[in-house]
Amino acid sequence: AARERLGLSSDTFVGAVVAKDLSDPNKNLGQALRAFEEASQRINRRFALLLIGKTGSSYSSDHIDIVWLGEMNVKEIARTLIATDILISGSIAESAGMTIVESAALGVPSIALSNGGPSSLIEHEKTGMLCRDFRAVTSCITELAGDSKRLSALGRSAKKNAGSHRPEVIARTYLELYSSIS
């Protein structure tokens, strides 16, 4: 139902990029789009990339469907992410990466650059994929678009692990840490 609402077929490989401001250079939207587009040329399958957030940029592609969805509230983002296969986080400076946790809770694994927050939220090749650069992001997208069993396993594992990133769990962990050093 979620894909139908977006006009996407069930056999389309669907990725999403979510940011408050997609035009922020730290979000690397152009690089993420190129990685998704390059992966689409390696796999004989239809690809669609959903872009959620404010933007001042405009991109088009001959190889993938780009769906500009604009700004959304948390509920709308969740209803949209449930229609995706992967979340792509190409931020070069990401502290928390809450969309990674939110997508994981929905069973949607993330592919992210391995800097900052994402490396504490994703267990590489278990709950998602961590990449050193966009060449690796392209390879991971290609791999997951061509291996639905692996994609499903990552999604199940991400969903199972998402609870460990709830605020009350994190707070308890910090309180235990502070108690142990005081």
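Colleague: In which sense do E1 and E2 pair, and over how many bridges?

Modeller: Strands count as paired when DSSP finds at least two bridges between them. In this predicted model, where local features need pLDDT of at least 70 and side-chain atom pairs 80 or more while totals for chains, interfaces and linings use all residues, E1 and E2 run parallel and share 7 bridges. Val18 stands opposite Ile52 in E2. E1 also pairs with strand E4 (residues 86–89), again in the parallel sense, over 2 bridges. There, Gly15 has Ile86 of E4 as its bridge partner.

Colleague: Where do labels like E1 come from?

Modeller: They are DSSP runs numbered from the N terminus: helices (H or I) have at least four residues, strands (E) at least two. Residues are numbered from 1 along each chain as its sequence is written, and side-chain values use heavy atoms, with hydrogens and water left out.

Colleague: Is E1 largely enclosed or open, and why?

Modeller: Check burial: under 20% relative accessible area is buried, over 50% exposed, and in between partly exposed (1.4 Å probe, protein chains only). In E1, 7 of the 9 residues are buried, so the rest of the structure largely encloses the strand.

Colleague: How many aromatic pairs does a search of the whole structure find?

Modeller: Rings of Phe, Tyr and Trp (its six-membered ring) pair when their centres lie within 6.5 Å; planes under 30 degrees apart are stacked, over 60 edge-to-face, the rest tilted. The search turns up 3 such pairs. One of them is Phe13 with Phe47, a tilted pair at 5.3 Å centre to centre and 55 degrees between the planes. Phe13 sits in strand E1 (residues 13–21) and Phe47 in strand E2 (residues 47–54), so this pair ties together parts 34 residues apart in sequence.

Colleague: Are those two rings buried or exposed?

Modeller: Phe13 is buried, at a relative accessible area of 0%, and Phe47 is buried too, at 1%. Phe47 has another partner, Phe36: their ring centres are 5.2 Å apart and their planes at 70 degrees, so that pair is edge-to-face. Phe36 belongs to helix H2 (residues 29–42) and Phe47 to E2, so the contact ties together parts 11 residues apart in sequence. Phe36 is buried as well, and ring pairs join Phe13, Phe36 and Phe47 into a cluster.

Colleague: Which elements have the lowest and highest mean pLDDT?

Modeller: pLDDT is the predictor's confidence in each residue, from 0 to 100. Helix H8 (residues 167–181) has the lowest mean, 63, and helix H6 (residues 134–145) the highest, 97. For the protein chain the mean is 88, with 88% of its residues reaching 70 or more.
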